[in-house]
Amino acid sequence: MDKNRYPILDILNGNDSNESCCCSSTSNFCDTTVKKEKKILIEYLYLDLVTCDRCVGTDKVLDEVVALLTPALELAGYTVEYKKIEMTTIDDAKKYKFLSSPTIRVNGIDICDSVSENDCKCCGDISGTAVDCRVFEYEGKSYEVPPKAMLAENILKTVFSQNTDCSCTEYEVPDNLIRFYEGKENKSSGCCCDGGCC
């Protein structure tokens, strides 16, 4: 039997070699002591859980997936922590190196390989400007709310990955998020010029 095809066997035997870097997380999972403690931090980063259909829908699906995966991960000796963090301000976006809404990270690593986006009417209504939000690519299709199978598969792949690459890259807030935050602030202050005259 090829053990490389079954990473769960290494974990059950106490040979977890997950070296994932989490430079975009607020917790220091790059520390080897933390990794040896077999901690998993699942973070859900989002813009809005009241109005945005894709953030609300992803939140619901992710809750279900985490509830299903947690007992198996705990059986394998892991401690699972699940956090939801609203990206309320541009300072939050900078702190978490937020690239797109919604984002799901495991120990600081985005569970999606890339960022794909399309126009999000809900976030556009919140900010009064055009905003692109994340779409999830899975098995050749795009989803505004990811399927459970995709989230479960990508979370487990990230947990058991042998990734040793540090992603400490320079971060700049994406233009569409800048527009969202500026538009939201303008709307809350009563400005209706979309940033053009005030």
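Biologist: In this predicted model, how many strands form the open sheet that includes strand 6, and in what order do they stand?

Modeller: To read a sheet, list its strands in the order in which they lie side by side, then note the direction of the pairing. Here three strands form an open sheet with the order 5-6-7, and the pairing is antiparallel. Strand 5 (116–119) and strand 7 (141–143) are at the edges; each has a single partner strand, so one side of each has no neighbour in the sheet. From one strand to the next, the twist averages 45 degrees.

Biologist: How many bridges join strand 6 to strand 7?

Modeller: Strand 6 (residues 132–138) and strand 7 run antiparallel and are joined by three bridges. As for residues that face each other, Tyr 138 stands opposite Lys 141 in strand 7.

Biologist: What is the order of the open sheet of four strands?

Modeller: The steps of reading are as before. That sheet has the order 2-1-3-4, and its pairing is mixed. Strand 2 and strand 4 (109–110) stand at the edges with a single partner strand each, so each has one side without a neighbour in the sheet.

Biologist: Which strand pairs run parallel or antiparallel there?

Modeller: Take the pairs one by one. Strand 1 (residues 39–46) runs parallel to strand 2, and eight bridges join them. Ile 40 stands opposite Val 80 in strand 2. Strand 1 runs antiparallel to strand 3, with four bridges between them, and Ile 42 stands opposite Val 106 in strand 3. Strand 3 and strand 4 are also antiparallel, joined by two bridges. In this last pair, Val 106 stands opposite Ile 109 in strand 4.

Biologist: Which residue takes a positive phi in the hairpin of strand 3 and strand 4?

Modeller: In a hairpin, look at the residues between the strands. This one has two, and Asn 107 takes a positive phi near 50 degrees.

Biologist: Which way do the side chains of strand 3 point?

Modeller: In a regular strand, side chains alternate between the two faces of the sheet. In strand 3, Thr 103 and Arg 105 point one way, while Ile 104 and Val 106 point the other way. All of these residues are buried.

Biologist: Which helix packs on the sheet of strand 1, strand 3 and strand 4?

Modeller: Helix 6 (residues 148–159) does, touching strand 1, strand 3 (103–106) and strand 4. The direction of helix 6 makes about 35 degrees with that of strand 3.

Biologist: Take one residue, Val 80. Where does Val 80 lie, and is Val 80 buried or exposed?

Modeller: For a single residue, give its element, its accessibility and its contacts. Val 80 lies in strand 2 (residues 79–86). Its relative accessibility is 17%, so Val 80 counts as buried, the cut-off being under 20%. Apart from neighbours within four places in sequence, Val 80 is in contact with Ile 40, Ile 42, Thr 70 and Leu 73. Between Val 80 and Leu 69 there are 9.5 Å, C-alpha to C-alpha, and the two are 11 residues apart in sequence.

Biologist: How many aromatic pairs does a search of the whole structure find?

Modeller: For ring pairs, read the distance between centres and the angle between planes. The search finds two pairs. Tyr 44 and Tyr 46 have ring centres 5.4 Å apart and planes at 25 degrees, so this pair is stacked. Phe 180 and Tyr 181 make an edge-to-face pair, with 5.5 Å from centre to centre and 75 degrees between the planes. Tyr 44 is buried at 0% relative accessible area, and Tyr 46 is buried at 9%. Phe 180 is buried at 0%, and Tyr 181 at 8%.

Biologist: Which residue lies over the face of Tyr 78?

Modeller: Lys 38 does, at 5.2 Å from the ring centre.

Biologist: How many disulfides does the structure hold?

Modeller: Compare the sulfur distances with the cut-off. The structure holds zero disulfides. The closest cysteine sulfur to that of Cys 55 belongs to Cys 52, and at 3.8 Å it is too far for a bond, because a disulfide needs the sulfur atoms within 2.5 Å. Cys 123 is in no disulfide either, its nearest cysteine sulfur being that of Cys 133, 3.7 Å away. Cys 55 is buried at 0% relative accessibility, and Cys 123 is buried at 0%.

Key. Residues numbered from 1 in each chain as written. Predicted model: local features only at pLDDT ≥ 70, side-chain atom pairs only at ≥ 80, totals over all residues. Heavy atoms only, no water. Phe/Tyr/Trp six-rings, centres within 6.5 Å; stacked < 30°, edge-to-face > 60°. Buried < 20%, exposed > 50% of the residue type's maximum accessible area, 1.4 Å probe, protein only. Lys NZ or Arg CZ within 6 Å of the ring centre and 35° of its normal. Pairing = 2+ DSSP bridges. Axes fitted to C-alpha atoms, helices over the stretch in contact; angles between N-to-C directions. Contact = heavy atoms within 4.5 Å.
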